[in-house]
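Hi,

Here is the structure I promised to pass on to you. Have a look at it first, and then read on for what turned up when I went through it.

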Amino acid sequence: MALEHFRPQLRTNDLVQDLKWNDELRTRFEASEATVLAEYPLTEEEREAIRTRDFRRLYELGLHPYLLSQLARLLFGTGEKAGTSAPAMALIRSLLGDEYEQYMGNRSG
């Protein structure tokens, strides 16, 4: 996954950075995601991708690949064991789409 789609001006990049560094904003986001999303000048496409946890679409819109993983962690929490993290698995499922089951099958055997 390269930076070919990265668009620094995409406001979701700002949102994720703010959520990473601002505890109060993160608490408000956890309590009312829609309220915090309304405070940012996001496109409806960005809002929908965040609401539906469509990480692939966020990547295509221009979210930095590093911030994809950070957003997954912020939305889903962190996992205890490598390969069992809900954020990582949600990110992989979204990015691979129809290829997810094949990917997972190849990993396990």
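One term before the details: contact here means that heavy atoms lie within 4.5 Å. Please also keep in mind that this is a predicted model.

With that in hand, L63 is a good place to start. Leaving out residues up to four places away in sequence, L63 touches F6, L10, T12, N13, V16, L58, L68 and L71. L63 also belongs to the largest nonpolar core, which has 26 residues. Together with L15, F55, L58, L68 and L71, L63 is among the members that touch the most others in that core. Seven helices each give the core at least two residues: α1, α2 (23-31), α3 (33-38), α4 (44-51), α5 (55-61), α6 (65-76) and α7 (86-96). Which of them supplies the largest share? That is α6, with six residues.

One of the partners of L63 deserves a closer look, namely N13. N13 sits in helix α1, which covers residues 11-21. Is N13 buried or exposed? Its relative accessibility is 6%, so N13 counts as buried. A polar atom of the N13 side chain lies 3.0 Å from the backbone oxygen of R7. Apart from neighbours within four places in sequence, N13 is in contact with F6, R7, P8, G62, L63, H64 and L67. F6 thus appears in the contact lists of both N13 and L63.

Next, helix α4. Its buried residues are E46, R47, A49 and I50. Viewed down the helix axis, these buried residues fall within an arc of 165°, so they line one face of α4. As for what covers them, α1, α3 and α5 are included. Just after α4 comes R53, with a positive phi of about 60°.

Now to the charged side chains. How many salt bridges does the structure hold? There are eleven, and I will go through a few of them.

In helix α2, D23 and R26 are three residues apart, about one turn of the helix. Their side chains meet in a salt bridge, with 2.2 Å from N to O. D23 is exposed, its relative accessible area being 52%, a value over the 50% that marks exposed residues.

Helix α5 holds two more, and they share E60. In one, E60 pairs with R56, and the closest N and O atoms are 3.5 Å apart. R56 and E60 are four residues apart in α5, which means that about one helical turn separates them. In the other, E60 pairs with R57, where the closest N and O atoms are 3.1 Å apart. E60 and R57 are three residues apart in α5, again about one turn of the helix.

How exposed are these three side-chain partners? R56 is partly exposed, at a relative accessible area of 39%. E60 counts as partly exposed too, at 36% relative accessibility. R57 is likewise partly exposed, with 25%. The two pairs are also part of something wider: E45, R56, R57 and E60 are linked in a network of salt bridges.

That is what I have for you. If you open the model, L63 and its contacts and the network around E60 are the places I would show you.

Best wishes

Technical notes
Residues numbered from 1 in each chain as written. Predicted model: local features only at pLDDT ≥ 70, side-chain atom pairs only at ≥ 80, totals over all residues. Heavy atoms only, no water. Buried < 20%, exposed > 50% of the residue type's maximum accessible area, 1.4 Å probe, protein only. Polar contact = N/O pair within 3.5 Å; in protein donor to acceptor, adjacent residues only side chain to side chain. Core = buried A, V, L, I, M, F, W, Y, C linked by side-chain atoms within 4.5 Å. Arc of directions from axis to C-beta. Salt bridge = Lys/Arg side-chain N within 4 Å of Asp/Glu carboxyl O.
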